[in-house]
Amino acid sequence: MKKGDHLFLVDGSGYIFRAYHALPPLTRKSDGLPVGAVSGFCNMLWKLMLDARNTDVGIVPTHFAVIFDYSSKTFRNELYPEYKANRSAPPEDLIPQFGLIRQATRAFNLPCVEMEGFEADDLIATYARLAREAGGDTTVISSDKDLMQLVGATVGMYDPMKDRQIGIPEVIEKWGVPPEKMVDLQALTGDSVDNVPGVPGIGPKTAAQLLEQFGDLDTLLARAGEIKQDKRRESIIANAEKARISRQLVTLKDDVPVSEGLDDFVLHAPDGPKLIGFLKTMEFTSLTRRVAEATGTEVGDVQAVAVTVERADAAHGPDVGSGAAIVQPVSRSQTSEAGETAASGTATTKVGDTPSLLSAFRLERATAAKIDTTAYHCIRDVAALKAWVAEAREAGLAAFDVRATSSDPMQAELIGLAIATTPGRAAYIPFAHKSGNGDLLGGGVLENQIPLRDALALLKPLLEDKSVLKIAQNLKYDLVIMSRYGIDVAPFDDTMLISYVLDAGTHHGHGMDALAEKWLGHTPLQLKDVTGSGKSSVGFDQVDIDKATAHAAEDADVTLRLWLVLKPRLAAKGLVSVYERLERPLVPVLARMEQRGISVDRQILSRLSGELAQGAARLEEEIYQLIGERINIGSPKQLGDILFGRMGLPGGSKTKTGQWSTSAQLLEDLAAEGHELPRKIVDWRQLTKLKSTYTDALPGFIHPDTKRVHTSYALAATTTGRLSSSDPNLQNIPVRTTEGRKIRTAFITDRSHRLVSADYSQIELRVLAHVAEIPQLRQAFADGADIHAITASEMFNVPVEAMPSEIRRRAKAINFGIIYGISAFGLANQLSIPREEASNYIKKYFERFPGIRDYIEETKAYAREHGFVETIFGRRIHYPDIRSSNPSLRAFNERASINARLQGTAADIIRRAMIRMEEALDKAGLSARMLLQVHDELIFETVEAEVEATIPVVRHVMENAAMPAVSMSVPLHVDARAANNWDEAH
DNA sequence: ACAGAAGCTTA
DNA sequence: GTAAGCTTCTGTT
């Protein structure tokens with residue numbers, strides 16, 4: 001086993017009991033043999049190994065073993081004879097299943113592991129330790145709390161019955177303590193099932209609270225006298241010894257002298273005939289069919305096999321029955337050839353015997369069937385649609401792709417929908433295609449389409465079915481449209497977001513074309529290929545239905561294949577929780593924010609536009625007077641030629657294309673030297689910028705029906721994890737100048753409502769203080785002090801009380817510079833000082849805050865070694881050029897990687913807040929709704945009467961957003977206020 | 001009709 | 001010095 005490998009350890013004994021009790025209907029084979037637990041077990045193994053109906057575990061393991069208890073007597077009985085003493089014998093109909101489950105394990109080509117004197121849990125602990133030491137990761141397939149003590153950075157758990165991952169946050173959520181304190185918690189609470197005594201009167205809540213207070217069990221027992229509650233104190237003092245014994249009983253032994261090593265657990269591909277032989281015997285028909293399909297085995301070619309059924313009295317002893325050989329299945333055509341290898345070699349697909357090939361299994365499935373755009377189906381009648389819906393249900397998943405009249409989901413009308421169930425099998429359902437050769441009135445709706453309402457009535461139950469996973473590329477678009485048609489799509493996966501989590505920062509994008517090219521080596525049909533381009537282009541609803549089918553169904557097919565390839569990679573790279581906690585849940589939240597929109601006052605903008613036009617016209621005349629001719633002031637080329645060419649102003653510099661630079665900074669400098677013209681040009685630019693980008697453009701975005709402005713948020717556009725906003729961009733509405741701020745007064749509510757703006761104060765600097773562990777900064781934030789003044793005071797030995805504003809300004813620039821991955825060149829530019837001086841500032845800063853230099857060096861070294869950096873929540877951002885031999889490209893990547901950890905962590909924090917916000921407001925009975933996000937600010941709309949109640953809820957969610965995943969050493973602080981427009985609320 | 005550069009807006 | 005998106009101009013297709 002090596003780094004990157006992933007070991008699955010199935011708690012076989014735990015599973016048997018749980019499945020037996022959890023699966024209510026008593027499943028029996030036709031001869032009366034009870035097989036409910038065996039059936040559940042086989043389905044679980046198959047899913048875990050490679051079924052396309054992926055589970056939440058989402059991991060492709062490289063090593064796999066099933067662990068069993070050997071007998072009920074273990075070393076713990078010597079420690080405490082009563083241990084597990086009150087266990088009753090297993091139920092009658094469960095007993096034969098113990099052996100069957102071991103045989104099932106072997107039929108899956110998986111190792112069965114058990115050892116006398118040890119429980120399965122001890123073996124699991126031992127193998128998890130061995131895997132960790134080898135650099136690999138482990139997932140324990142169990143939901144037993146006794147195993148939760150193993151959870152850590154490289155060890156996770158997965159509950160196969162609830163399809164849920166259990167990591168550090170889940171343990172904390174459930175038990176109130178981190179995994180490493182689980183033994184102490186169990187020592188206090190005891191366990192009535194296993195007869196672990198514990199301390200009477202102490203349950204999980206009290207135990208967690210005590211451990212929080214005292215830190216650990218030993219400290220608690222030593223200082224038990226300090227406990228205020230009389231009964232509790234006395235009970236703990238009286239039962240201290242029981243607690244110590246309990247701890248020994250619940251502590252798993254991770255150094256069992258195991259006979260098999262991890263290398264014996266290398267996962268082998270399933271042997272189709274062998275497995276099918278067993279499944280057929282068990283009469284698990286639907287699993288048999290699935291396995292046959294996946295392994296390319298003909299079910300008819302395989303004979304059922306004999307199985308050994310244990311006597312009831314053997315259940316407690318060593319599992320003799322499982323040792324008996326299973327009669328090997330032999331394919332009919334191969335009867336003359338004895339032996340497993342020969343028989344299976346011809347009947348299975350070419351799935352090899354190495355772990356990497358198992359990962360390749362998915363890739364192979366995704367690429368095996370050639371993409372043939374002429375092979376797709378077109379669904380034109382209700383019967384066909386019903387059949388496809390049933391097929392998707394049976395598959396448990398479907399990729400889909402919506403076709404609509406606009407790329408803006410708030411304006412788009414549905415035209416059709418494509419669906420794919422397995423690679424190469426996809427269909428398009430046209431609802432609203434029109435004849436392309438229509439007259440001025442437009443073509444009529446074509447015949448032979450299922451009417452929109454009927455089609456949606458059939459699709460809605462599927463799209464909302466909890467047991468069918470819907471897969472899409474850029475799902476938010478489809479979600480907004482479907483929501484407008486009354487359909488709430490769930491559950492879902494988004495291939496674009498999976499790619500973003502896997503590969504943010506790499507040189508390939510996350511759009512369908514880029515992904516199809518990279519992973520499938522395929523270029524899908526382009527929209528232009530079917531609609532035409534330019535003046536002769538037509539709407540998708542006028543595209544010939546055959547062409548539309550080829551295009552839309554191909555997209556669904558490609559999406560499904562991408563999902564098959566990408567989803568397992570998430571787990572292989574330990575990124576499942578980033579995807580599931582930071583990305584996927586935000587999609588519906590953003591969809592709702594976009595749908596709500598924000599009210600913008602057309603009249604205010606119109607009045608402002610007039611004022612700006614007047615101001616600009618006046619300046620224009622004055623500028624013409626000064627330069628003596630009527631050039632296009634908006635043309636930097638013409639302007640540069642006049643200013644530095646004809647008029648000969650000093651200090652001209654050139655841009656990289658050889659043009660004169662006319663940047664604001666340069667013009668400001670000239671203005672400061674007393675030149676009249678540059679000032680007027682700067683002012684003119686400001687006015688025309690405000691006019692064209694904001695006052696003139698925004699009214700065009702007011703939706704005709706809702707009368708509100710609906711921005712679009714991109715989840716996968718930035719490298720760092722920030723969102724971006726477009727059409728219109730509401731994340732760059734002016735705020736710095738008084739003129740610009742007037743734009744914000746046009747973002748309004750009606751009289752009975754208010755806008756609430758809540759923003760994080762200095763979040764990135766706080767993240768820096770936390771991750772770089774800077775004592776002075778932590779203290780300053782804890783005290784609520786002026787962080788820039790503190791920095792200045794440390795650097796220049798000036799007391800904070802008498803801080804000159806210029807000194808503070810420089811310290812502030814340095815603080816920001818650190819976040820941006822400081823350089824002397826950049827700081828010098830920012831402060832308009834010589835580079836030498838900037839360089840000295842940085843040197844001095846690092847002397848005062850050596851932890852920050854360490855942090856920067858560590859980040860660079862990490863990025864160079866791994867090619868990526870991570871936020872504190874595990875988001876990965878790649879810097880493929882960090883090792884470039886081009887020094888400036890390399891330096892740029894270094895600065896970006898330093899910034900990415902901070903900006904990305906801040907972005908993760910506000911994402912977490914947004915994901916939790918709706919529920920928190922609901923629970924508080926508040927009607928406030930999130931409208932906008934501007935990186936460190938959230939804007940809400942609420943009824944006036946609820947403003948006072950809303951602000952504390954919002955603040956609480958935002959300030960605690962890092963918890964419980966990360967407990968920050970620096971408090972987060974949120975400022976919030978309410979008003980009737982965005983300017984006053986901010 | 002589109003793409004890139006320059007410039008300006010935000011966090 | 002980080003991260004974005006939009007408008008205008010300009011040159012090319």
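These questions and answers walk through a predicted model of a protein chain with DNA strands.

Me: Which domains does the assignment give for chain A, and what distance separates the centres of domain 1 and domain 2?
Reply: The domain assignment gives domain 1 as 6-169 + 254-265, domain 2 as 369-576 and domain 3 as 780-899. For domain 1 and domain 2, the centres are taken over C-alpha atoms. Their separation is 39 Å.

Me: Is strand β10 largely enclosed or exposed, and why?
Reply: Strand β10 covers residues 425-430. Buried here means under 20% relative accessible area. Five of its six residues are buried, so the rest of the structure leaves β10 largely enclosed.

Me: Which strands pair with β10, and in which sense, parallel or antiparallel?
Reply: Strand β9 (residues 414-422) is joined to β10 by six bridges and runs antiparallel to it. There, isoleucine 419 has alanine 427 of β10 as its bridge partner. Strand β7 (residues 377-378) pairs with β10 over two bridges, and cysteine 378 stands opposite tyrosine 428. The sense for β7 is parallel.

Me: Which residue takes a positive phi in the hairpin of β9 and β10?
Reply: The hairpin has two residues between the strands. A phi near 90° belongs to one residue in this hairpin, glycine 424.

Me: Which strands are at the edges of the open sheet that contains β18?
Reply: The sheet has four strands, in the order β21-β22-β18-β23, with antiparallel pairing. Neighbouring strands are turned by 25° against each other on average, direction ignored. An edge strand here pairs on one side only. That fits β21 (929-933) and β23 (974-979).

Me: How many bridges join β18 to β22?
Reply: Strand β18 spans residues 753-760, and β22 spans residues 937-943. The two run antiparallel. One bridge pair is valine 756 with phenylalanine 940 of β22. The bridges between these strands number seven.

Me: Which residues come nearest to DNA strand C, and what share of its atoms within 4 Å of the protein belongs to sugar or phosphate?
Reply: There are 34 residues around DNA strand C. The nearest are Ser635, Asp727, Asn729, Ala813 and Phe825. Bases make up the rest of the strand C atoms within 4 Å of the protein, after a sugar or phosphate share of 74%.

Me: Which residue has a polar backbone atom 2.7 Å from a base oxygen of DNA strand C?
Reply: Take the phosphate contacts before the base. Polar side-chain atoms of asparagine 632 and arginine 895 lie 3.0 Å and 3.3 Å from phosphate oxygens of DNA strand C, respectively. The base oxygen contact instead goes to the backbone of alanine 813.

Me: Which element gives the most to the surface near DNA strand C?
Reply: By class, this surface has nine nonpolar, 20 polar and five charged residues. Several elements give two or more residues, among them α27 (636-646), α34 (805-819) and α38 (887-923). With five residues, the one that gives the most is α38.

Me: Which side chains contact a base oxygen of DNA strand B?
Reply: DNA strand B is surrounded by 21 residues, and the closest include Thr655 and Thr662. Threonine 662 has a polar side-chain atom 2.7 Å from a phosphate oxygen. Base oxygens of strand B lie 2.9 Å from polar side-chain atoms of two residues, lysine 689 and asparagine 732.

Me: Which element gives the largest share of the surface near DNA strand B?
Reply: Six nonpolar, nine polar and six charged residues make up this surface. Four residues come from one element, α29.

Key
Residues are numbered from 1 along each chain as its sequence is written. Chains are lettered from A and ligands numbered from 1 in the order in which they are written. This is a predicted model: local features need pLDDT of at least 70, side-chain atom pairs count only at pLDDT 80 or more; totals for chains, interfaces and linings use all residues. Side-chain values use heavy atoms; hydrogens and water are left out. Two strands pair if DSSP finds at least two bridges between them. Axes are lines fitted to C-alpha atoms, for helices over the stretch in contact, and angles run from 0 to 180 degrees between N-to-C directions. Domain bounds come from an automatic or database domain assignment. A residue is near a molecule or strand if one of its heavy atoms lies within 4 Å of it. A polar contact is a pair of N or O atoms within 3.5 Å; within protein, one must be able to donate a hydrogen and the other to accept it, and residues adjacent in sequence count only if both atoms are side-chain atoms. Ala, Val, Leu, Ile, Met, Phe, Trp, Tyr, Cys and Pro count as nonpolar, Asp, Glu, Lys and Arg as charged, and the others, Gly among them, as polar. Buried means under 20% relative accessible area, exposed over 50%, partly exposed in between (1.4 Å probe, protein chains only).
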